[in-house]
Amino acid sequence: MEWYQAAIVFCVAFAVTCCMVPVSKWIAVKIGAIDYPGNRRVNVDSVPRCGGIALYTGLLAACFSIYLGVRFFDWNMHDLYVLGDINYIVLFLGVTAMFTVGLVDDITQLSPGTKLLGQVLAAAVVVLSGVGIGAVRAVVVGDYFSFGWLDYPLTVLYLVVFVNITNLIDGLDGLASGLVAIASSSLLYLVWMRGSFTLVLVCIALIAVCLAFLRFNFFPASVFMGDSGSHLLGLSVGIVSVAGVVRTQSFVVMLIPLIIAGVPVLDTLSAIIRRKRVHKPVDQADLGHIHHRLMRAGLSQKRSVAVLWLCSAALALTGCLIGSFSGAVQGAIIAALAIVLFFVIWKFGLFKPVLRHHYDNKGRRGPRVPRHTR
């Protein structure tokens, strides 16, 4: 792969996304896909939420430019064995299906169950294209362990998780697009080390569309990516991490994409525990996300986003270091990361005991009340 190939893909993705943002805003206004100010919204004005259309067309244009380069201009995409068995037509259909699920939700606000079903079906199409975890290397003996038929549901679950953590973190202007750009940068390094130049160009395209979208999405945002954008970006990051990092690697390396996406992963886990603690459905929105806590602590939108970007960059760097070393050095990095994460979780109170009020009232009769009210 030559440097000009990467430059062409970046420029195409960036330019097409920039040109399509005004079009996506116009479409959002025409179909009524607008985010109005509310008790959970940080925006004070009405903002169109179909920015995912611009992201989709930007990625599509970048992938088409890669195809043209390989087909007509002798671009040499040396991918070893990573992408040899993938059906790109089926993969395109799966990605488009996931984008469509998000776009329909932007327009009609699907029920959580219907949206999850659509996500699973779209992810299943992606897995049918050949994207799968396949086999991993055991930590102790070093032999490869094949998941067999479990590979399909595990990969579907993996992709759906990435879609939803990206969707949940999309709460402040520019936050999700910046986090995806940071995650894609670290994944770019990892797939480059493995020699998958096609995935390198895909990561470059992801970075380009996110940076182009940030021109319109950073505070004060004039457009939101909506579920169409978060579904598309989350699935794309999941596909790159499965095909370029997780597949045929060790159990430890399987954790690297989750470490790189550590900020939305922690936010999602804390949201699940928080809502279970107060007997709320997991899919019920609240104001307890990390970015909400930072703003309640007195930080502005811009500073909250900057803090989370820095945290994501630190985790991304850590993930790259884990992927670059092995043995005792890798173990030391993981141990240091665990200590830092424990401090952060304790400091922010992200994982308080589940159903604490039940434990406070253990052995007592009558109404269950918090301890401090007795």
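The largest nonpolar core of this predicted model has 89 residues, and the residues with the most contacts inside that core are Leu-159, Leu-187, Leu-201, Leu-235 and Ile-239. Helix α7, which spans residues 197-217, gives the most to this core, with 14 residues. The protein chain as a whole has 15 helices and 4 strands, and 49% of its 374 residues count as buried. The mean pLDDT of the chain is 80, although the value falls under 50 over residues 353-374.

**Core and overall packing**

- Leu-235, one of the residues with the most contacts inside the largest core, touches Gly-94, Val-95, Met-98, Val-126, Leu-159 and Val-163 when residues up to four places away in sequence are not counted.
- Leu-159 therefore appears twice in this picture, being named among the residues with the most contacts in the core and lying within 4.5 Å of Leu-235, the distance that contact means.
- Among contacts in the protein chain between residues at least 6 apart in sequence, 75% join residues at least 24 apart.

**Buried positions in the helices**

- Ser-236 is found in helix α8, which covers residues 226-246, and at 10% relative accessibility this serine counts as buried, because the cut-off for that class is under 20%.
- Leaving aside neighbours within four places in sequence, Ser-236 is in contact with Leu-59 and Leu-206.
- Leu-206 also figures in the surroundings of Ala-181, since the two residues are 25 apart in sequence and have their C-alpha atoms 6.7 Å apart in space.
- Ala-181 has its place in helix α6, residues 175-194, where it is buried with a relative accessible area of 8%, and it touches Ile-207 and Cys-210 once residues up to four places away in sequence are not counted.
- Thr-166 is found in helix α5, residues 151-169, and counts as buried at 9% relative accessibility.
- The contacts of Thr-166, leaving aside its neighbours within four places in sequence, are with Ala-176, Val-180, Ser-230 and Gly-234.
- The C-alpha atoms of Thr-166 and Thr-268 are separated by 9.2 Å, while the two threonines are 102 residues apart along the chain.

**Aromatic rings and a charge over a ring**

- A search of the whole structure finds 7 aromatic pairs, among them one formed by Trp-3 and Tyr-4, whose ring centres are 6.5 Å apart and whose planes stand at 90 degrees, so that the pair is edge-to-face.
- Trp-3 counts as exposed at 70% relative accessibility, whereas Tyr-4, at 35%, counts as partly exposed.
- The rings of Tyr-56 and Phe-99 have their centres 4.4 Å apart and their planes at 10 degrees, which makes the pair stacked.
- This second pair links distant parts of the chain, with Tyr-56 in helix α2 (residues 52-72) and Phe-99 in helix α3 (residues 88-108), 43 residues apart, and both Tyr-56 and Phe-99 are buried.
- The charged end of Arg-71 sits over the ring of Phe-72, at 5.2 Å from the centre of that ring.

**Cysteines**

- A search of the whole structure finds 0 disulfides.
- For Cys-19, the closest cysteine sulfur is that of Cys-18, and the distance of 6.8 Å is too far for a bond, because a disulfide requires the two sulfur atoms to be within 2.5 Å.
- Cys-19 is exposed, with a relative accessible area of 57%, whereas Cys-11 is partly exposed, with a value of 48%.

**Confidence of the prediction**

- The mean pLDDT of 80 goes together with a proportion of 75% of residues in the protein chain that reach 70 or more.
- Among the elements of the chain, helix α4 (residues 112-128) has the highest mean pLDDT, at 95, and helix α15 (residues 356-360) has the lowest, at 43.
- Over residues 353-374, where pLDDT stays under 50, the model has 20 contacts beyond four places in sequence.
- Where pLDDT is low, the predicted coordinates should not be read in detail.

Notes
Residues numbered from 1 in each chain as written. Predicted model: local features only at pLDDT ≥ 70, side-chain atom pairs only at ≥ 80, totals over all residues. Heavy atoms only, no water. Core = buried A, V, L, I, M, F, W, Y, C linked by side-chain atoms within 4.5 Å. Buried < 20%, exposed > 50% of the residue type's maximum accessible area, 1.4 Å probe, protein only. Helix = DSSP H or I, 4+ residues; strand = E, 2+ residues; numbered from the N terminus. pLDDT = per-residue confidence, 0-100. Phe/Tyr/Trp six-rings, centres within 6.5 Å; stacked < 30°, edge-to-face > 60°. Lys NZ or Arg CZ within 6 Å of the ring centre and 35° of its normal.
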